[in-house]
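Let's take a walk through this one together, starting where the chains meet and working inward from there. Keep the viewer open as you read.

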Amino acid sequence: MYEEETGVMAKMSFEDAATRYGAEPGGGAPTKVKITFIDSQGQARTVEGEVGSTVMETARRNDIPEIAAECGGACACATCHVYVDENWTEKAGKASQMEEDMLDFAFDVKPNSRLCCQITVRPELEGLVVTTPAQQG
Amino acid sequence: MNQLKEAAIETDVVIVGAGPAGLFSVFELGLLDIKAHVIDILPRAGGQCSELYPEKPIYDIPGLPICTGQELTDNLLKQIEPFRPTFHFNEMVETLVSLGTPEKPEFRLTTDAGKIFHAKVVFIAAGGGSFQPKKPPIPKIDAYEGKSVFYAVRRMEDFRDKNVVIVGGGDSALDWTLNLQPVAKSLTLVHRRDQFRAAPHSVSAMQELVAAGKIDFRLGQITTIEGEDGELARATLKGNDGVEEQIVCERLMPFFGLTMKLGPVADWGLQLNENLIPVDTEKFETSHSGIFAVGDINSYPGKLKLILSGFHEAALASQKAHRYVYPDKKLLFQYTTSSTNLQKKLGVS
């Protein structure tokens, strides 16, 4: 809750915030988006991710299998490896240099590989689809 | 020599794990005159802090607005220096057997290096378990491990006149590429991209060997291996272009970093809950008296996996440990700011 609020506030001006918390509680940017995780066996699970958190945190909070996230989100272990669905690679963005380096420790890395602790949930990611590999660590 | 090796090391406490929780346990136990031996599978102190994020800043250590994992480790080592703990690195505790009674616990621990310890209490500060090399998802790789698939080089001779394949792009992969090239019959370095997160001089030395035709560098990954009785013969190299090719491969070294596995802790007869050790929140003692668990490895209602939680747990567990180690002594609560007794122990009085 705390995280969600601060995450959203950071992206809004005071007027935006006043609108959101004032007369029109429904207005403003969405605070939750749907994310679908498809496991290595093909089973899909759609959950809600809070804007401002990460895709890895969303997976962990919803007990998504095949996301180990051993280091807890420090981009230091390469055990939250996902393949971003090709329709989403552009919106999800490219891996940073640090993330690319860490992907060296993941298995079967593909051009659409990302470490999902490095993907921040944003409103434009509504409907994001990622696939998890069979083995992380 | 053998007899020396078999003689047990007598100590008040064995601390399993040299991460921040284990290191601060040395401090809190030390203030209570409890002498510690610390065992860790890694070659150095610091646990996850040094291994996973030595350069990354930590912002939530009380009183330290910002410090890196390495700085925290170095500071903890400095802080515990007065208590002269004995470290046993590159060693994993394999067995833990209880010899005592609930009132007067006593334990025998053995390590994979053959050392034996006798301790009055045990602190398990093993974090997420022990760091072990990541095994790539190559079918049947287990059958070759230790014979022709290696995650570390123990004997260079194992690689002499062999066709060696090294996978990875970090310092370990490049160091062993450079070190084994003169010994091996042939050496192929396989990596997923043409960039390396290794010391620049190693990268250029490797590139010179490639240019001179002394080693082969291939972009891609190893997908299958073949051989007999644990001895590798061939491997399939799948290039980044998707093309598969059989290459000669008698020795394979995959370097994909480390992962945490609970390891032998699971076999010590302690109650476990989802790979964590339940403890009480008064003494942080496990289901077995005399065995405490502090830091990320324990669980209790409201547990937060924070370094500061490990510090708090170490302090409280030490109080109870004192009762076991010095059953006849009354424990007086003292502050380091005012107690000359504690200051003497810290070497500052």
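Start at the place where the two chains touch: 16 residues of chain A are in contact with 17 residues of chain B. On the chain A side, that patch breaks down into 9 nonpolar, 3 polar and 4 charged residues. Bear in mind as you look around that this is a predicted model.

Now zoom out to chain B as a whole. Its C-alpha trace spans about 70 × 45 × 45 Å along the principal axes, and chain B holds 8 helices and 19 strands. Of its 349 residues, 40% count as buried. How do the contacts run along the sequence? Take the contacts in chain B between residues at least 6 apart in sequence: 61% of them join residues at least 24 apart.

Next, have a look at one of the sheets. Six strands of chain B line up as E14-E13-E12-E11-E10-E15, making an open sheet with mixed pairing. Strands E14 (244–248) and E15 (251–254) of chain B sit at the edges with a single partner strand each, so one side of each has no neighbour in the sheet. On average, neighbouring strands here are turned by 35° against each other, direction ignored. As a reminder, strands of a sheet pair through backbone hydrogen bonds, either parallel or antiparallel. Which sense do E11 and E12 of chain B use? Strand E11 (residues 186–191) and strand E12 (residues 216–228) of chain B pair in the parallel sense, over 4 bridges. If you'd like a spot to click on, find Val190(B), whose bridge partner in E12(B) is Arg218(B).

On to a pair of helices. In chain B, H2 (residues 20–31) packs against H7 (residues 307–325) at an angle of about 35°, and their axes are 8 Å apart. The crossing of H2(B) past H7(B) is right-handed. From H2(B), the contact uses Pro20(B), Ala21(B), Phe24(B), Ser25(B), Glu28(B) and Leu29(B), while the residues on the H7(B) side include Ile307(B), Gly310(B), Phe311(B) and Ala314(B). Sorted by class, this helix contact has 9 nonpolar, 3 polar and 1 charged residues.

Finally, the core. In soluble globular proteins, nonpolar side chains tend to be buried together. Here the largest nonpolar core has 123 residues, and among those with the most contacts inside it are Cys116(A), Val13(B), Val16(B), Phe123(B) and Phe292(B). What does Phe123(B) touch, leaving aside its neighbours within four places in sequence? Its contacts are Val13(B), Ile15(B), Val16(B), Ser25(B), Phe292(B), Val294(B) and Ala317(B). Ser25(B) should ring a bell, since you met it in the contact of H2(B) with H7(B).

Technical notes: Residues numbered from 1 in each chain as written. Chains lettered and ligands numbered in written order. Predicted model: local features only at pLDDT ≥ 70, side-chain atom pairs only at ≥ 80, totals over all residues. Pairing = 2+ DSSP bridges. Helix = DSSP H or I, 4+ residues; strand = E, 2+ residues; numbered from the N terminus. Axes fitted to C-alpha atoms, helices over the stretch in contact; angles between N-to-C directions. Core = buried A, V, L, I, M, F, W, Y, C linked by C-beta atoms within 7 Å. Buried ≥ 20, exposed ≤ 12 C-beta atoms within 10 Å, placed from the backbone. Contact = placed C-beta atoms within 7 Å. Nonpolar A, V, L, I, M, F, W, Y, C, P; charged D, E, K, R; others polar. Left-handed = near helix turned anticlockwise from the far one by under 90°.
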